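Reader: I am new to this structure. Please take me through one part of it closely.
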Amino acid sequence: MHMIATEEAFATPEYLEALRNLGSTSTSDVVRYAAYFLTKDPAATGLCDVETRLASMDANGVDMHLMSLTSPGVQLFDADLGTHLAQQTNDRLAELIRQYPTRLAGLAAIAPQDPTRAADEITRAMTELGMHGIIINSHTNGEYLDERKFDPILEAAQRNKAPVYIHPTFPSDDMFKPYSVYGVSGAIWGFAAETGLHAVRMVFGGVFDRFPDLQIVLGHMGESLPYWLFRFDNIYDMMMSQGQVPAGMIKLERKPSEYVKSNIHITTSGMFSDDVLKFAIDAVGAERIMFAIDYPFESSKAGSDWIRAAPIAAEQKEMILSTNAQRLFKIKP
């Protein structure tokens, strides 16, 4: 089967150098930790080297990588530098895609610190650079996409039919302290907790009532959201019917779970589990799940071997491996 991996990280040397410089001067524990993690992780050496990437793809039967700027992205920088790095990174990614059009596709980076320029970059990336969506590494200085200041970004994404992949980053400064021990701030738990929170805020903040055609993508089998669908609906209905409406809660047009099933796709990145896959198919449907590895931080062999052997129907496997990504990201077969 044709195999498209949809959460595959890359970086440019200029971006990594800017992140090192930021980490060496910042007073933020989160910034310093994120910079250290990315620039010291041995796996990060695969971010910039396209030949190493292609060799890994060939060795494991992966036909295409949908590439995106690695976390924490450009959101830790000030608005001007973040915007510049996003534009520069997108230009470099477009060059790589032109060199390997059947092997590589891309999601554009943006700097939400300046929503107007970020919206402009979405339009440029989708109409001029041939990108297939955008990547946002979750919160931006502790702020989330449900906040109205980011509506220009969501409007541009909807207008340009650009799926928004919300990739994890470390919890914000306000959230970080209880996650700072035992290594749980990152992929063990903190990434999912923070990114899942982001998506939940978008659902309950009415984002998908304002932007009904907007499509969001979450990695790691949905950052726990599929497991919570019953709880979302049950507690929301209870609070609304009993008049126990928390501050800021609004009356949604549909059940919370319905937005997850209509406006959110999930990928398998770093979650190579038969039990979780079968649960996710039951919860949201195979048509909303896409294969991903999380290269270079996860094993391409482990991810590829797992999905090939996964005990699911052949038509479901084909959707997850290729046709869902082709449809959502408009990738030509």
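By class, how many nonpolar, polar and charged residues does the lining of the second largest pocket have?

Author: A word on the basis comes before the pocket. This is a predicted model, where local features need pLDDT of at least 70, side-chain atom pairs count only at pLDDT 80 or more, and totals for chains, interfaces and linings use all residues. Residues are numbered from 1 along each chain as its sequence is written, and side-chain values use heavy atoms, with hydrogens and water left out.

The lining of the second largest pocket has 9 nonpolar, 4 polar and 3 charged residues. Here Ala, Val, Leu, Ile, Met, Phe, Trp, Tyr, Cys and Pro count as nonpolar, Asp, Glu, Lys and Arg as charged, and the others, Gly among them, as polar. A pocket is an open set of points on a 1 Å grid over the protein atoms alone, with protein on both sides within 12 Å along at least five of seven lines; lining residues have an atom within 4 Å of a point.

The volume of the second largest pocket is about 280 Å³. That volume is the space filled by probe spheres set on the points, with grid points joined across faces, edges and corners. The lining counts 16 residues, and Met64, Ile97, Pro101, Leu104 and His132 are the closest to the centre of the pocket.

Helix 4 (79–99) and strand 3 (104–106) each give the lining at least two residues. Helix 4 gives the largest share, 3 residues. Helices (H or I, at least four residues) and strands (E, at least two) are DSSP runs, numbered from the N terminus.

Terms used:
1 Å grid on protein atoms, 1.4 Å probe; cavity = no way out; pocket = protein on both sides within 12 Å on 5 of 7 lines; lining within 4 Å.
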